[in-house]
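Biologist: I'm trying to get used to reading models like this one, and I'd like a close look at a single spot. Could you start there and then walk me outwards?

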Amino acid sequence: MDNEEFAGLLTPAGTEVLAAAEAADVSEGALLATASRLRERYPAGLVAAALTQVRLRERGRAKFGADAARMYFTPDGLEQSTRAPVAAHRARRFAGHAPSRVLELGCGIGADLLYRALAGVSGTGVERDPLTASVARANLAAFGVAGTAEVVTGDATAADPSGHGAVFADPGRRTARGRVFDPRSYEPPLDTVLELAGRVPAACVKVAPGIPHDAVPDGAEAEWISVSGEVKEAALWLGGLAGTVARRATLLDGAGGVATLTPEPGLGEPSVREFGRYLYEPDGAVIRAGLVAEVASAVAGGLADPRIAYVTSDALVPTPFAAAYEVLDVLPFSLKRLRAELRRRDVGALTIKKRGSAVDVDRLRRDLGFARRAPRGAEAMTVVLTRVGAAPFAVLVRPR
Ligand SMILES: C[S@@+](CC[C@H](N)C(=O)[O-])C[C@H]1O[C@@H](n2cnc3c(N)ncnc32)[C@H](O)[C@@H]1O
């Protein structure tokens with residue numbers, strides 16, 4: 001799909017083809033027949049662009065839910081876009097800041113720009129790829145916020161941030177050669193983004209979740225975000241947008257629920273203790289943000305091994321920041337013993353988790369007889385593979 005074909009899709013004729021394509025069967029098996037049927041009534045270029053959009057909208061549902069049905073995408077733009085719960089959360093932070101125009105450096109198909117505009121935050125997105133910029137414009141128009149935000153086609157590294165209250169950037173971290181880890185290879189490069197961000201009172205920059213804590217600029221707040229238990233990204237908040245903490249874990253449940261954890265001053269390292277009645281697996285955002293001690297403190301627990309982020313406690317304390325399990329048994333790891341124990345407990349459905357263990361989970365599953373045949377047992381069980389010091393353990397648990 002090129003820019004011209006996409007523009008055709010936004011005309012009245014294009015809208016009609018898109019509606020016809022939406023109503024048709026676009027599953028893999030039916031696609032060819034659907035395309036030739038639509039081509040009997042509409043130009044081939046429009047049909048191809050419409051079918052591409054419908055298929056992308058279907059894929060887009062995983063990130064944007066019902067909103068995807070109104071959005072426009074390119075394959076790369078969808079891949080690189082911020083999912084709706086995260087974009088909406090970030091937009092709320094911007095909206096809570098003094099109302100000021102936001103300049104976005106490299107806005108892609110405009111997911112962040114759109115959710116900010118929907119939250120009432122005005123601004124400009126700069127995007128160098130003309131087709132992607134057109135798609136971002138179409139997204140603003142589709143949601144009736146083209147008057148709140150605009151998209152300029154051009155090079156963001158040459159943008160002038162003056163007149164804006166804040167800068168936002170979500171630099172591309174993937175090239176034709178794959179994922180890039182060096183921030184100088186981000187597109188736009190992180191140094192340039194931070195330089196432009198430094199010229200306005202506030203900024204937010206999305207970075208890889210693996211960013212080391214010592215790479216967070218002084219005075220910035222680093223926020224790690226997970227959605228439904230999966231870490232999705234990290235962002236640096238700078239200047240007036242930074243909170244009063246250096247690190248934050250934000251857990252979104254994907255349905256509007258938000259839980260936030262920040263460092264507890266003076267808490268220190270968690271205690272080290274034996275496995276208790278309960279095991280807590282902290283959310284990935286909590287671990288990345290270095291807030292495991294906060295979870296241990298909240299559940300009156302400690303760590304079985306000081307380097308492994310499993311918290312154990314004798315108390316069952318509900319927390320959004322960790323999944324809780326009841327400990328049924330703690331076994332020194334041995335395949336034979338584990339197999340016998342699972343058989344004795346009539347286990348038919350097995351979940352294996354691991355942290356600090358070198359065991360190959362797929363192979364273990366096979367060796368335990370849970371891969372090939374339908375398991376015979378009636379019970380469900382979770383086995384947590386971990387270690388204490390050099391000693392490997394299999395902890396049998398059940399979710400609470
Ligand atoms: C990760 S995407 C942004 C996604 C966006 N936050 C969203 O949610 O849809 C980064 C975008 O920056 C654009 N880009 C990279 N370097 C640029 C530059 N120097 N000037 C303008 N855009 C640039 C890329 O084309 C890409 O579309």
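Which is P265, buried or exposed, and why does it count that way?

Modeller: P265 counts as exposed because its relative accessible area is 79%. The cut-offs go like this: under 20% is buried, over 50% is exposed, and partly exposed is in between, using a 1.4 Å probe and protein chains only. Before we go on, keep in mind that this is a predicted model, where local features need pLDDT of at least 70 and side-chain atom pairs count only at pLDDT 80 or more, while totals for chains, interfaces and linings use all residues. Residues are numbered from 1 along each chain as its sequence is written, and side-chain values use heavy atoms, with hydrogens and water left out.

Back to our proline. You'll find P265 in the loop between β11 (258-261) and β12. Helices (H or I, at least four residues) and strands (E, at least two) are DSSP runs, numbered from the N terminus. Pick L364 as a second landmark: P265 and L364 are 99 residues apart in sequence, and their C-alpha atoms are 42 Å apart in space. For scale, the C-alpha trace of the protein spans about 65 × 55 × 35 Å along its principal axes.

Now follow the chain from that loop into β12, which covers residues 278-282 and holds E281. Here the label changes: E281 counts as buried because its relative accessibility is 16%. The side chain of E281 has a partner, too, as a polar contact of 3.1 Å joins it to the side chain of K353. (A polar contact is a pair of N or O atoms within 3.5 Å; within protein, one must be able to donate a hydrogen and the other to accept it, and residues adjacent in sequence count only if both atoms are side-chain atoms.)

Let's compare P265 with some other loop residues. Most residues other than glycine have a negative phi, and most peptide bonds are trans. A300 goes against that habit, with a positive phi of about 55 degrees although it isn't a glycine. It sits in the loop between α11 (292-298) and β13 (302-303), and A300 is exposed because its relative accessible area is 57%. D346 has a positive phi as well, near 60 degrees, and you can spot D346 in the loop between α12 (335-344) and β16 (347-354). With a relative accessible area of 38%, D346 is partly exposed. Another proline, P188, lies in the loop between β6 (178-179) and α9 (190-197). Its link to E187 is a cis peptide bond, with omega about -5 degrees.

Zooming out, the protein has 13 helices and 18 strands, and 48% of its 400 residues count as buried.

Finally, look at the ligand. It has 21 residues around it (each with a heavy atom within 4 Å), and the closest are T82, D112, E127, A156 and D170. T82 places a backbone N or O atom 2.9 Å from a ligand oxygen atom, and A111 does likewise at 3.1 Å. D170 uses its side chain instead: one of its polar atoms lies 2.7 Å from a nitrogen atom of the ligand. Taken alone, the ligand exposes 600 Å², and the protein buries 94% of that; such areas come from the Shrake-Rupley method with a 1.4 Å probe, and for residues only the protein chains shown count as cover.
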